[in-house]
Each structure stands twice: as C-alpha cells, then as structure tokens.
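Visitor: I should like to learn how to read a model of this kind, one step at a time. May we begin once it is in view?

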Amino acid sequence: MTQSNGENPQRSRSGLHQIRAGIQSRSLLAKKKVENITRSDVKGCFMRNAFVIFTVAAVIIGIILGFAVRPYKMSYREVKFFSFPGELLMRMLQMLVLPLLVSSLITGMAALDSRASGKMGMRAVVYYTTTTVIAVFIGIVMVLIIHPGKGSRDEFTKQPKIEQISPADAFLDLIRNMFPPNLVEACTKQFKTQYAKRVVHVTMTVNDTIFDVNGSHEITREEMIPVPGAVNGVNALGLVVFSMCFGLIIGSMKEQGQPLKDFFDCLNEAIMRLVAIIMWYAPIGILFLIAGKIVEMDDITSMGGQLGMYTVTVICGLLIHAIVVLPTLYFVITRKNPFVFIAGILQALVTALGTSSSSATLPITFKCLEENNKVDKRVTRFVLPVGATINMDGTALYEALAAIFIAQVNNYDLNFGQILTISITATAASIGAAGIPQAGLVTMVIVLTSVGLPTDDITLIIAVDWFLDRLRTTTNVLGDSIGAGIVEHLSRHELQKKDPETGNSVVEEADKKPYQLICQENEYENERPAASETKM
C-alpha cells in the first residue's frame, strides 16, 4: 500500500511537469512568432482582411453615430438626407442582383450534366427543407417555453388595419409567379391577386311571373371577387425557374450551346468584377444605413414588456439556429471546423445585417464563398441564387413564433393540431416569401389565417420588425452559405468526374481557371488550351 501511495504522487508530479513543460514550450513558440512579426506581416494581414475590418467597424460606428444624432430630433426629410449614402449602396447592390441571378444560374446549370445537377438539386432541397423545419420547431419551442405574450393587451395601441388576403390566392400567386408570361415584365413586376367589389342583382320570380315593379323585387348585394393585379418588385422565383431550365437546355446542347454558355460566363465574370469595385463603398453605405435606421426608430423605452419579451424570444431562437444548429449540421456532414467557414463569410453576414435583404447581399455572398472559402463556383452558382429565393430559415422561425405570440396576446389556447398547422404553413410560406410581394407581411397573414387568428394583430409587432428583420436576414444568408458548403462536400465525387462527351476534366478546368476578381492577367491565356481541347 505504502509503495503504491508513493508511486502515485511521483506519477502526478511527472504529469504536472509534462503539462508545465508543454505550456512553456508553446508560450516560447508564441513569443518567438510575435517577435518575428514584421511590419509587412501586419500590413499583409490587414490587406487580406481589410473588407471585413472596415465592414465591422462601419456597423459599430453606425450604431454610435445613430444614437449620438438621435437627441437632435431630425425631421423625416433630414433623416432621408442623412441615410442617403446607405440608400445608394442598396440601389447599387439591387442593380447587380438581376443579371447576377440569371447569369450565375444559367452558367451553373450549363456546367453540370443533368444527372449531377439533379443530385445536387436534390441535396440542396433536402438541406433547405431540413433546416427550415428545424427553424420552425425551434421558434415554436422557444415561444411555448418563454411565453412572451402573457399579460394584458392594454400596452398595445390600436394600429391601422391590414389588407386581407386569402391563403389560397396567395399560394396560387406563388405558382403563377413561377411561370411569368413576360420575362421582361418579370424583371420589374410580380403577379398579385387584388380584390374588387361586384354588385350582384337577384330578381325574384313567383308563380312563373316576374315582379319588377319599380324594382321593388330586385335584390342587390355586394361581393368581393379576385382580379388579376401586379406590384413592383423583381419576380425572383419566375427568373430562377426560367434560368434553371434554360441552363439545363444549354448544357445538353453541348457544342451548339457553347456560344451562349460563354456569353453568360462572361456576363457573370463582369458582374463579379463590378461587385469587387462596389465592395469598397459598402462600409460607408452600411454605416449610414444602420445610423439612419437608429435615428428613425421609435423610442425604445416606451416598448411594453410583452413586446420586449417577444424580441428577446426571437433573438434567442435565431441565435440557437445560427450558432448551434447550422454549425453542428456543417461539422457532422463535412467534419470541418464550421467557425472557420463562418469567418470567411463574415462580410456577407454584416452586409445582410446592414441591408436587411438576402437578395441584395447575394453578390457579396458569392464573393466571400468563392474567394475566402474556396467553394466550387459550379456549386455557388446553383445553390446560392436558389437559396436566396426559397431558403428562409430565419423567416420561418420568426413567422411560427410571431403567430403563437399573437395567439398568447389574445389569450387564445392553441391545441396540438393548430400548432402543427402553424408549423406547416410557416414552412410553406417562408419558401414562397420571394414569390409574394411584401414578403414578411403577406406570408404572416397566411399563417394567421390558417388557424383563425386576427390578422390585424400583425401591427402589434411592427414596432420591432425592422430590427428583427435584419437578424433573420443574417440567419437566412448564413443558412444559404452553409448549405453551399454542405452541398459541395456531398457532391465532390460528381464534381471530380471526367465528362466523357467533352473530353475535358472538370477538375482540370477548375484548376486552370482560378476564380479571382481583380488579379486575372493570365486567365484568358489559361483558358485558350481548354477551349481548343473542347473543340477536339
């Protein structure tokens, strides 16, 4: 016993010595590295991460500037002047979204054979559906646990009425928008069912004789009927469907489709170079977008307890989905560090926070994934435009949570069947959000109508919607980006296969043409032999 007791302290001491020696060697290594850092190393690190540093700094300065200017009580016109540089950034990004969406999808689909694109598409759809269902589940669990809607309704002031919409018409509009009759019009307008009043005349007939003396037996009544209408906004869903089909056809045409393929490839490259120029203006635009929104917002101190708890619940739900669920999913499938991947798309996430639009952030998401994370551009061109249009994790979570919150405010007890209805409707509505104008508002009406909740109560949450909209957009962009990483990992075998018909290895082509935005002096020289091989 004494001998074994004597051995144990010796073992523990030797273990401690080893740990101490390890720590000392690591600290010496770190010290040497720090001592060996030169000015050029610091400069190189700064230049590599300049965009991210400037963008994050812009958000912080924007928040400080916004709260510093608030006490001056600026008029509406002055606020518009103040946030004008931010408005310019939004206009620049929106200008590039349309050609980028079309060209990237067409080139992405044309670069893949139908079998590879089918498998990739299937994986993307499974990923979108899984993450959206998980997001809805998180939203429902959070709102049922925290119960932010308990209390009286008195803290909410009466707001204006919301336009009513039939869920059936909304879903039919979604399908109609998938097949636009005019592609040029689809670039500027979306189909939306409007409602008009119609007067119906009913004439009473008694014993086969018609009484219409002075019209006394003629009954008139009004009814609301759906009529075709349109609203301003890019019909992204219609363009995505057309571009995917068009790209697949060009890909199947082989040599005949090569000129068109080259044209859209060149268009995509030109747009990405434009994005590289706009990136330098992005931090200034984001700064004024955030500062302007803070100046414009209502007084936070007047927010009631229920609305405050609702905001906290949404933020907690989005954080769980963005920081726990999505990175875990990425790690389990790819066995890579998800936070290194997220660090690469940090600028896209900050831009999403500033612009509050996943479509407007699309050019920057492309740049971050292809340049920083080295994701295959055939994957990004296919997954990102579709994801920005139909994959809305943050929106799905928010809508399910908001619907149950409104039920709680009205002391309306939901049974399991109604909660299931909300979850299914929120999932479907988030997928259709891009195809329906005023996405958040209209899709929210569909979710509330599905379980018979008052649609006018959407106005209860409008006070904090501008802020939560930014957070859910950031979650949407993160979901799309991680989806691209996962789909690339799962499709790596298809992407490496040699295409027998063109006699051209896809991997060789990817190696020959590194996707850079600015330094591309040798790009066209490298492409020439590949083109000649194709003709052979």
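**Side chains, helices and loops**

Visitor: What is the relative accessible area of Glu-87?

Guide: Glu-87 belongs to the middle class, partly exposed, which lies between buried (under 20% relative accessible area) and exposed (over 50%), judged with a 1.4 Å probe and protein chains only. Glu-87 falls in that class because its relative accessible area is 34%.

Visitor: What kind of model is this, and what is left out of the side-chain values?

Guide: This is a predicted model, in which local features need pLDDT of at least 70 and side-chain atom pairs count only at pLDDT 80 or more, whereas totals for chains, interfaces and linings use all residues. Residues are numbered from 1 along each chain as its sequence is written, and side-chain values use heavy atoms, leaving out hydrogens and water.

Visitor: Which residue forms a salt bridge with Glu-87?

Guide: A salt bridge here is a side-chain nitrogen of Lys or Arg within 4 Å of a carboxyl oxygen of Asp or Glu. For Glu-87 and its partner, the closest N and O atoms are 3.9 Å apart. At 54% relative accessibility the partner counts as exposed. The residue is Arg-91.

Visitor: Why are Glu-87 and Arg-91 separated by about one helical turn?

Guide: Both residues belong to helix 5 (residues 84-110); helices (H or I, at least four residues) and strands (E, at least two) are DSSP runs, numbered from the N terminus. The separation is about one helical turn because, within helix 5, Glu-87 and Arg-91 are apart by 4 residues.

Visitor: Which residue meets Lys-367 in a salt bridge?

Guide: The closest N and O atoms of this pair are 3.5 Å apart. Both members lie in helix 15 (residues 358-372), 4 residues apart, or about one turn of the helix. Lys-367 is buried, because its relative accessible area is 7%, while its partner, at 24% relative accessibility, counts as partly exposed. That partner is Glu-371.

Visitor: How many residues apart are Asp-265 and Arg-381?

Guide: The side chains of Asp-265 and Arg-381 meet in a salt bridge, at 3.2 Å from N to O. The pair links distant parts of the chain, with Asp-265 in helix 10 (residues 258-278) and Arg-381 in helix 16 (residues 377-390). Asp-265 and Arg-381 are both buried. Their separation along the chain is 116 residues.

Visitor: How many salt bridges are counted?

Guide: Salt bridges can also be joined in a network, as with Lys-119, Arg-123 and Glu-494. Under the rule already stated, the number of salt bridges is 9.

Visitor: Why is the pair of Phe-82 and Phe-288 called edge-to-face?

Guide: A pair of aromatic rings is described by the distance of the centres and the angle of the planes. Rings of Phe, Tyr and Trp (its six-membered ring) pair if their centres lie within 6.5 Å, and planes under 30 degrees apart count as stacked, over 60 as edge-to-face and the rest as tilted. The whole structure holds 9 such aromatic pairs. In this one the centres are 5.7 Å apart, and the pair is edge-to-face because the planes stand at 75°.

Visitor: How many residues separate Phe-82 from Phe-288, which pair as rings?

Guide: Among the 9 aromatic pairs, this one links distant parts of the chain, from Phe-82 in helix 4 (residues 76-82) to Phe-288 in helix 11 (residues 282-296). Phe-82 is buried, with a relative accessible area of 16%, whereas Phe-288, with 21%, is partly exposed. The two are apart by 206 residues.

Visitor: Which residue in the loop between helix 17 and helix 18 has a positive phi?

Guide: Its phi is about 50°, although the residue is not a glycine. The loop lies between helix 17 (393-409) and helix 18 (416-431). The residue counts as exposed because its relative accessibility is 63%. Its name is Asn-411.

Visitor: Where is Lys-73?

Guide: Lys-73 also has a positive phi, near 50°, in a residue other than glycine. At 70% relative accessibility, Lys-73 counts as exposed. Its place is in the loop between helix 3 and helix 4.

Visitor: What percentage of the residues count as buried?

Guide: The protein has 23 helices and 8 strands. Of its 536 residues, the part that counts as buried is 45%.
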